[in-house]
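Grab a pencil and let's work through a few exercises on pockets and cysteines. Try each task yourself before reading its solution.

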Amino acid sequence: MAAKEISYKMSTAGYIKLILSAILIFGISIGACGTETTFYVSPSGRDTNNGSIRTPFRTLGKAVQSARLHKSGGKPARIVLRQGIYYMESTVALDARYSGLTIEAMKRENVVLSGGRVVTGWKPYRGKIVQADISGLNLPSYAFRELYYNDMRQPLARVPNFDPRHPRTGGFAYNAEIAEKGGTTKLRYRPEDMDPSKWTHTERALVDIFPGYNYGNDIRPLKSTDTSARILEIGPGATYELGIGDRYFVKNVFEELDAPGEWYCDPDKKVLYFQPPDDNLAKSSVVVPALDSIFDIKGDSKTGNLAERIRISGLDMRDTIGTAITVIAARDCFVTACAFRNVTTAVSLGDETHDCRIAGCDITQTGGAGIVLTGTPGEHQRVSHHVIDNNY
């Protein structure tokens, strides 16, 4: 009886010791990591502030920099953006150093991250066409192909004109004859459709072709014109042989700026020309894209140092030249309850991405796709266990 009692007491003491050890280890862990720190961003803030809710930063870039410095001490961080439109100065690059970072909108507040630049200073040019000097917008290129008027995409100056009554089936010219048997570079136009002799910068023109198969369209630069033979020759790279009746239109031609909504940028003068679709230009927003993307999440697959547990939530992202959020060499990253508009692709999950979740997002007006998963051919295990759920 005594032996059993001693055994029982020893077991209890050992159990108590185990609990105390666990508490001590947990306490050390909490001491090392600390509590999560939240940095706030507001359009009315200042980057000289400390990022608190009462004295927020002005830019997301400053908040991300502060979060990295905070995380270098092993402490988790969160960034909360307050309501407003943020015109991003540069893409937010997030590597493995930002693992565990959360970037989100304040609850019940509308936060817009735009990769574009607002065009102002409009002056009369000719008729209903206005012009603006855009040399001061810090654009990476003046060969941009999109313009948004009150968030709606407008047609680049083109012939034939866009037909708003028949947006999918109207506004096309049709290949009149086979200009080159089996060829993919020559179209024969009808004189009633266009007059290339009046185009002063044919090297800037783009031909948007929908081959008869209708699998997709090719956008190729115009190489040359032969007005006597009525031939448009495009650069190489078109997908399919050009047949009779293939539909197409020619865009980025200044002389064809003659319809509501059309626009053209002169890359030499750095001047933008625009014919507004209504009479409300003074009260409207004109935006051109500048950034390739909003977020670039990228770890190092060679060293296995992946970007992990990065969360982006509740943000409205728009006006990018390319993909709004690119993810490469990352694990367990979430993009949730976000909205995407006027981008080429919303989210791209590339090589060495695993266990990521894209959920509850609204996606509209993309030039390419909504959500894309791409893995190196023959190595598809490099992209695994993603969840893409409830996106509209």
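**Exercise 1.** Work out which class of residue leads in the lining of the largest pocket, and find what sits at its centre.

*Solution.* Keep in mind that this is a predicted model. Start with the classes: the lining has 23 nonpolar, 12 polar and nine charged residues, so nonpolar residues lead under the usual sorting of amino acids. Next, the space: the largest pocket holds about 1400 Å³. Its lining counts 44 residues, and those closest to the centre are Glu146, Arg153, Phe162, Phe249 and Lys251. Finally, look for the elements that give two or more residues to this lining: they are β11 (152–153), β15 (206–210), β18 (247–251), β29 (339–349) and β32 (362–373).

**Exercise 2.** Now describe the second largest pocket in the same way.

*Solution.* Space comes to about 320 Å³ here. There are 15 lining residues, with Thr59, Leu60, Gly61, Met88 and Glu89 closest to the centre. At least two residues each come from α2 (60–71), β3 (84–87) and β4 (92–94). By class, you'll get nine nonpolar, four polar and two charged residues.

**Exercise 3.** Explain why Cys338 makes no bond with the closest cysteine sulfur.

*Solution.* First, recall that a disulfide is a covalent bond between the sulfur atoms of two cysteines. Then check the distance: the closest cysteine sulfur to that of Cys338 belongs to Cys361, 5.0 Å away. A disulfide needs the sulfurs within 2.5 Å, so this pair is too far apart for a bond. A search of the whole structure agrees, with zero disulfides found. As for surroundings, Cys338 is buried, at 2% relative accessible area, and Cys265 is buried too, at 4%.

Terms used: Residues are numbered from 1 along each chain as its sequence is written. This is a predicted model: local features need pLDDT of at least 70, side-chain atom pairs count only at pLDDT 80 or more; totals for chains, interfaces and linings use all residues. Side-chain values use heavy atoms; hydrogens and water are left out. On a 1 Å grid over the protein atoms alone, a cavity is a set of points where a 1.4 Å probe fits but cannot get out, and a pocket is an open set with protein on both sides within 12 Å along at least five of seven lines; lining residues have an atom within 4 Å of a point. Grid points are joined across faces, edges and corners, and a volume is the space filled by probe spheres set on the points. Helices (H or I, at least four residues) and strands (E, at least two) are DSSP runs, numbered from the N terminus. Buried means under 20% relative accessible area, exposed over 50%, partly exposed in between (1.4 Å probe, protein chains only).
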